[in-house]
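New to this one? Take a moment with the picture before reading on.

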Amino acid sequence: MKDKYNNFVISFDDDQEFDNWYENINKSFPDIDKEIFSDICKFILRVDKSIIGRFAGDIRDLIALASSRYVTSKKMINSDVSNLAHVEIGTLFGASAILTDHIIKANSASNKFQNIMIDPLNGYYGNSSDLVTGLEVNAKTLLKNLKLFNVEGYELIQKYSTDKHAIKKIKEFSIASLFIDGDHSFSGLLKDWNNFNKEVMNGGHVIIDNVNDKNWPNINLFIDELKSKIGKQWEIIYEGSVTLVLEKKCDDILLIDTKFDLNTIHNIEKQVDQKFYKLINNEKSRINTRDQDIKKRDGQILSLEKQ
């Protein structure tokens, strides 16, 4: 079944599909038993039904995110380390933060972990509104959703992840899991990795979205570079659908170096993305206008038939 915007698959069609994906998740995250898996699936449906907006991924990737955050929470709940946090770069309407809050509460760890969101919330790739829902992407909508689901212990850093304030603020935390779902550019991913991976705790996770996604080919350029350099410092523990999860194995800092000027690359990538989404938005407007014209015409035909 697809979500309410007919965009992403949001639930499994039958028990066999449910069981197959549970087995897939359980191999990478043994602490996720069938009861926890089922609870995650049900909560995702509940969020999809009530949230203003949408999730930014399908059921398989959302379960992988939730599973990663469940096991890292469980692993670190008795740690003496202060300021533990689950951090996400890119929050859109807050659905993944709401899911994270549910996972923290499932571990009875609300007093142990903070739920940190980094997002400027100034639109969607050059558009003021999300292209799927037509809703504006802003802090007002996000905060309404967090209140709707009684999300606690959160902090919104309303900046780009490359902003000096955001980088400095995240250094105050010991990261249990870092979810990178920002601008999906090679340069943006590389910057996020280099700026934040050193703050991740040993045993903590980095979750990267849209891997092997044909809509975001530049992500795989970064992933190929990362895989060639991770060595024994990080281990890929999960790769499925379009999600990659890495676990930190030691304190060594892994910086991905490049001979290219990242700021130049980033500016080029942003311009390409903005042109692409402007094209999609214009096409969507034309389709909406056409649909309205068809409805008007059908109404006129119906009136003529009644005469």
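Here is a short tour of the sheet, the helices on it and some charged pairs.

## The sheet

Keep in mind that this is a predicted model. Seven strands make up an open sheet, and going across it you meet them in the order β3-β2-β1-β4-β5-β7-β6, with mixed pairing. At the edges sit β3 (154-157) and β6 (234-240), each of which pairs on one side only. From one strand to the next, the twist averages 15 degrees.

Let's look at one pairing in that sheet. Strand β5 (residues 200-209) and strand β7 (residues 243-248) run antiparallel and are joined by five bridges. If you want a spot to find by eye, try Val206, which stands opposite Leu246 in β7.

## Helices on the sheet

Two helices are worth tracing here. Helix α7 (residues 186-196) packs on the sheet and touches β1, β2, β4, β5, β6 and β7. Its direction makes about 175 degrees with that of β4.

Then there's helix α3 (residues 59-76), lying across β1 (84-89), β2 (113-118), β4 (174-180), β5, β6 and β7. Relative to β5, helix α3 runs at about 170 degrees.

## Salt bridges from helix α3

Side chains of opposite charge can pair when their charged atoms come close. This structure has 13 salt bridges. One of them joins Asp31 to Lys74, with the closest N and O atoms 3.8 Å apart. Asp31 is in the loop between α1 (15-28) and α2 (34-50) while Lys74 is in helix α3, so this pair ties together parts that are 43 residues apart in sequence. Asp31 counts as partly exposed at 36% relative accessibility, and Lys74 counts as partly exposed at 40%.

Another salt bridge pairs Glu247 with Lys75, and here the closest N and O atoms are 3.4 Å apart. Glu247 belongs to strand β7 and Lys75 to helix α3, so to speak distant parts of the chain, 172 residues apart. Is Glu247 buried or exposed? Its relative accessibility is 14%, and the cut-off for buried is under 20%, so Glu247 counts as buried. Lys75, at 44%, counts as partly exposed. Both belong to a network of salt bridges that links Lys75, Glu235, Glu247 and Lys249.

## One more pair

Finally, look for Glu225 and Lys229, whose side chains meet in a salt bridge at 3.0 Å, N to O. Glu225 is partly exposed, with a relative accessible area of 28%. Lys229 counts as partly exposed too, at 32% relative accessibility.

Conventions:
Residues are numbered from 1 along each chain as its sequence is written. This is a predicted model: local features need pLDDT of at least 70, side-chain atom pairs count only at pLDDT 80 or more; totals for chains, interfaces and linings use all residues. Side-chain values use heavy atoms; hydrogens and water are left out. Two strands pair if DSSP finds at least two bridges between them. Helices (H or I, at least four residues) and strands (E, at least two) are DSSP runs, numbered from the N terminus. Axes are lines fitted to C-alpha atoms, for helices over the stretch in contact, and angles run from 0 to 180 degrees between N-to-C directions. Contact means heavy atoms within 4.5 Å. A salt bridge is a side-chain nitrogen of Lys or Arg within 4 Å of a carboxyl oxygen of Asp or Glu. Buried means under 20% relative accessible area, exposed over 50%, partly exposed in between (1.4 Å probe, protein chains only).
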